[in-house]
Amino acid sequence: MIEISFGKLLLLALIALLVLGPEKLPGAARTAGALVRRVRNSWESVRAEVTRELEIEEIKRAAREAATRAEAAQEQMNATAREVREAVSAVTAAPASAPVAEPMRLAGEPEIESAPLEEPPPERDTLTGDLFADDPQHAPVKEHPHGLA
């Protein structure tokens, strides 16, 4: 704003006293103060409005960028879903008796022999809920429900 030093302010007060006289000087000072206050408030209001508009524009720009990124991600997801659907339909359309491809090995990698299949785990006894009903080594001792031997 305007820079007014103490000397300039004193000179303005002396000129105002000479021009207006001692009777009108207090009223003129109040009017000048009110005008300065209005100008300052108007300036602050305009500055706040411009700042608010700039912030709104920044938020809108960020929202547009986020929407663009979301659309790109959606397109990528749709393309991947299409590829998966095509792969699934190709697998389901293939005959069931088609030979199973062997897994790929790197050059020089030794061939791994497949281990014999282990015995399936024992089935749970449906009457007692005992997991080891058929395994006498680990089966708990079964007692008669009424304590009779």
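These are three short exercises on a predicted model.

**Exercise 1. The span of helix α1**

Task: Compare the span of helix α1 with that of a straight helix of 88 residues.

Solution:
- Step 1. Helix α1 covers residues 6-93.
- Step 2. At 1.5 Å a residue, a straight helix of 88 residues would span 130 Å.
- Step 3. The end C-alpha atoms of α1 are only 94 Å apart.
- Step 4. Now look for a bend. At Gly-21, α1 bends by about 115°. A proline, Pro-22, follows within four residues.

**Exercise 2. A pair in the helix**

Task: Where do Glu-44 and Arg-47 sit in helix α1, and how far apart are they?

Solution:
- Step 1. Count along α1. Glu-44 and Arg-47 are three residues apart, so about one helical turn separates them.
- Step 2. Check the side chains. They meet in a salt bridge, 2.8 Å from N to O. The cut-off is 4 Å.
- Step 3. Recall the principle. Side chains of opposite charge can pair when their charged atoms come close.
- Step 4. Check exposure. Glu-44 is partly exposed at 35% relative accessibility. Arg-47 is partly exposed too, at 45%.

**Exercise 3. From pair to network**

Task: Which residues are linked with Glu-58 in a network of salt bridges?

Solution:
- Step 1. Start with the Glu-58 and Arg-61 pair. Their side chains form a salt bridge of 2.4 Å, N to O.
- Step 2. Place them. Both lie in α1, three residues apart, about one turn.
- Step 3. Extend the link. The network joins Glu-58, Arg-61 and Glu-65.
- Step 4. Set this in context. The whole structure holds four salt bridges.

Terms used:
Residues are numbered from 1 along each chain as its sequence is written. This is a predicted model: local features need pLDDT of at least 70, side-chain atom pairs count only at pLDDT 80 or more; totals for chains, interfaces and linings use all residues. Side-chain values use heavy atoms; hydrogens and water are left out. Helices (H or I, at least four residues) and strands (E, at least two) are DSSP runs, numbered from the N terminus. The expected span of a helix is 1.5 Å times one less than its number of residues. The bend at a residue is the angle between axes fitted to the seven residues ending there and the seven starting there. Buried means under 20% relative accessible area, exposed over 50%, partly exposed in between (1.4 Å probe, protein chains only).
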